[in-house]
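The following exercises ask the student to read a structure step by step. Please attempt each task before consulting its solution.

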Amino acid sequence: MNRKVFKVSEINRYIKSLLEEDVILQNLFVEGEISNFKHHSSGHMYFTLKDKYAAIQCVMFKTYAMELAFEPENGMKVVAWGRASLYEKTGQYQLYLEYLEPAGKGALYLAFEQIKERLLKEGLFDASRKKEIPAYPKTIAIITSPTGAAIWDLISVSQRRNPLVKLALWPVLVQGPMAAGEIADAIDKVNAWGKADVIIVGRGGGSLEDLWAFNEEKVARAIYHSKTPVISAVGHETDFTIADFVADHRAPTPSAAAEIAVPELAKMTGDLLDINKRLNRLIKDNLARNREMLLRLSSKRVMQRPLELVYQRQIYLTGLQKQIDTEINNRLEKNKLLINGLSRALESVSPLHILEKGYALIYDEGGSLIKKAKGLCKGQEITVRFHDGAIKSEVKESV
Amino acid sequence: MPPKKKTFAKSIERLEAIIDEMENVDTPLEEALKLYKEGVELVTDCQKSLNSAEKEIVLLQQNSDGIFSEKPFNLEG
């Protein structure tokens, strides 16, 4: 019997080729629960997908793992997309996954919280980054599904409020795996177009799964990087998506977004009338103020009796002159008194004054004052001077 | 070509600044009159723009060369 003996590697390669030729196995969605999750340091993810009865080994390479909107966890229910193949080294058949999305409410909520926390930490929700919504936009870009109720709500509310605002519609898918990419791309494109003053991005109500695209990081980042202010309008009042947190303004519904973005034409006309009234009142006020000032100035004394000031100055001058005269007289008087005092003091020390008291001065014939009796001789003629006159006499004898 | 008209938003912004300045009692009369004239002209321009703007709803598209085009959007369609 002619046996064909295969090598192990040949078998594995053959089975691998069988798997890879199968159309179904090369493009499949699988739902399951994650277990044995390992995020390897290389960036690749390894885990098992299981249901109640079975399990499959799964790999997600780094390039795809990086794109994930959330971090898979053990016990999380997911829908995975990828292909089946065989790892020849071990003969282990496994799924090579390229896309994962959380499945079921619990997983979605978990993923939502994960994304929210991550982007919050990264600063994508910072209030300081939020742009102001312009009060009078000329053009509004609307990114939403062309078929949903949302677009009609947006158009009709906008038209009712102000038919002069231009609406530029950019239709996108708002649901399913392609939606997030299309929405993010549309935001980038509208920015590149550059003619919109505001972007409204949104959709009508739906389940958490339906709204999921608006929770994806791609959309969040596109909104974050948009230079044009973005209003999010996703679902109903109670629906909160990541897009709402990043957007510059969150509208509870698409209709509300139109109400926020589109200024009412009637109000604009009214505002203009108000401004016109204010301008008129202000110029009137200013004129009145100036007229009043003119009046007040012209009613002043100096304007009415211009010579008054001159008279006042004259009186002042006369007063000054009087003051100067008085001052000079006072000084003269003071000096006179001083001089009198001095002359009296002088007199009191004059020799004549001493003579008055009964003293007399004696001179010789030459007129020299004789101060001693000694030296006078008998018969010498002397002059005796009293205070009131002088006499000539002769020395008789010394005593 | 006449100088480009200010946008409505820019005009309103300027009008608010004009009113602020006119409200200041220290603004001299000559200056106030100048501001008043500018303000009234702006209001007139704005009113005109509200009457003349055309309503428009377009479908924004970009071709493979990256050129944007605006196609009229049919409300009934």
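**Exercise 1. The contact between the chains**

The contact takes 30 residues from chain B and 28 residues from chain A. The model is a predicted one.

*Task.* Determine which elements of chain B give two or more residues to the side that touches chain A, and state how the residues of that side divide by character.

*Solution.*

Step 1. Four elements of chain B are to be listed: helix 1 (8-23), helix 2 (29-52), strand 1 (57-62) and strand 2 (68-72).

Step 2. Of these, helix 2 of chain B gives the most, with 10 residues.

Step 3. Sorted by character, the residues on this side of chain B are 22 nonpolar, four polar and four charged.

Step 4. Strands also join the two chains: strand 7 (residues 166-171) of chain A and strand 1 of chain B run parallel and are joined by three bridges. Within this pairing, A:Leu169 has B:Leu59 as its bridge partner.

**Exercise 2. Two helices from different chains**

*Task.* Describe how helix 9 of chain A and helix 1 of chain B are arranged relative to each other, and name the residues that make their contact.

*Solution.*

Step 1. Two packed helices are described by the angle between their axes and the distance between the axes.

Step 2. For helix 9 (residues 265-298) of chain A and helix 1 of chain B, the axes come within 10 Å and cross at roughly 25°.

Step 3. Angles under 35 degrees count as roughly parallel. Helix 9 of chain A and helix 1 of chain B are therefore roughly parallel to each other.

Step 4. The crossing of helix 9 of chain A with helix 1 of chain B is left-handed.

Step 5. Helix 9 of chain A contributes A:Ile275, A:Arg278, A:Leu279, A:Leu282 and A:Asn286 to the contact, while helix 1 of chain B contributes B:Leu15, B:Ile19, B:Met22 and B:Glu23. These residues divide into six nonpolar, one polar and two charged.

**Exercise 3. The barrel of chain A**

*Task.* State in what order the five strands of the barrel in chain A are arranged, and describe the helices that lie on strand 4 and strand 5.

*Solution.*

Step 1. As background, chain A has 12 helices and 13 strands.

Step 2. Five of the strands of chain A close into a barrel in the order 1-2-3-5-4, with mixed pairing. On average, neighbouring strands of this sheet are turned by 55° against each other, direction ignored.

Step 3. One antiparallel pair consists of strand 4 (residues 77-87) and strand 5 (residues 92-102) of chain A, joined by 10 bridges. Here A:Leu86 has A:Tyr93 as its bridge partner.

Step 4. Helix 1 (residues 8-21) of chain A packs on the sheet and touches strand 4 and strand 5 of chain A, its direction making about 135° with that of strand 4. Helix 3 (residues 104-122) of chain A also lies across strand 4 and strand 5, and runs at about 70° to strand 5.

Step 5. The hairpin of strand 4 and strand 5 of chain A has four residues between the strands, and A:Gly91 in this hairpin takes a positive phi near 75°.

Step 6. A parallel pair is found as well: strand 3 (residues 55-60) and strand 5 of chain A are joined by four bridges, and A:Cys58 stands opposite A:Leu95.

**Exercise 4. A residue with positive phi**

*Task.* Decide whether A:Asn36 counts as buried, exposed or partly exposed.

*Solution.*

Step 1. A:Asn36 is found in strand 1 (residues 28-39) of chain A. Its phi is near 50°, a positive value in a residue other than glycine.

Step 2. A residue is buried if 20 or more other C-beta atoms lie within 10 Å of its own, and exposed if 12 or fewer do.

Step 3. Because A:Asn36 has 13 C-beta neighbours inside 10 Å, this residue counts as partly exposed.

**Exercise 5. An enclosed strand and an open sheet**

*Task.* Explain why strand 6 of chain A is described as largely enclosed, and identify the edge strands of the open sheet with the order 11-12-13.

*Solution.*

Step 1. In strand 6 (residues 139-144) of chain A, five of the six residues are buried, so the strand is largely enclosed by the rest of the structure. For chain A as a whole, 27% of the 399 residues count as buried.

Step 2. Strand 6 of chain A pairs with strand 7 of chain A in the parallel sense over six bridges, with A:Ile140 opposite A:Leu167.

Step 3. The open sheet of chain A has three strands in the order 11-12-13 and antiparallel pairing. Its edge strands are strand 11 (361-363) and strand 13 (389-394), since each pairs on one side only. From one strand to the next, the twist averages 25°.

Step 4. Strand 12 (residues 381-386) and strand 13 of chain A pair over six bridges in the antiparallel sense; in this pair A:Arg385 stands opposite A:Ala390.

How values were computed:
Residues numbered from 1 in each chain as written. Chains lettered and ligands numbered in written order. Predicted model: local features only at pLDDT ≥ 70, side-chain atom pairs only at ≥ 80, totals over all residues. Contact = placed C-beta atoms within 7 Å. Nonpolar A, V, L, I, M, F, W, Y, C, P; charged D, E, K, R; others polar. Pairing = 2+ DSSP bridges. Axes fitted to C-alpha atoms, helices over the stretch in contact; angles between N-to-C directions. Parallel < 35°, antiparallel > 145°, perpendicular 65-115°, else oblique. Left-handed = near helix turned anticlockwise from the far one by under 90°.
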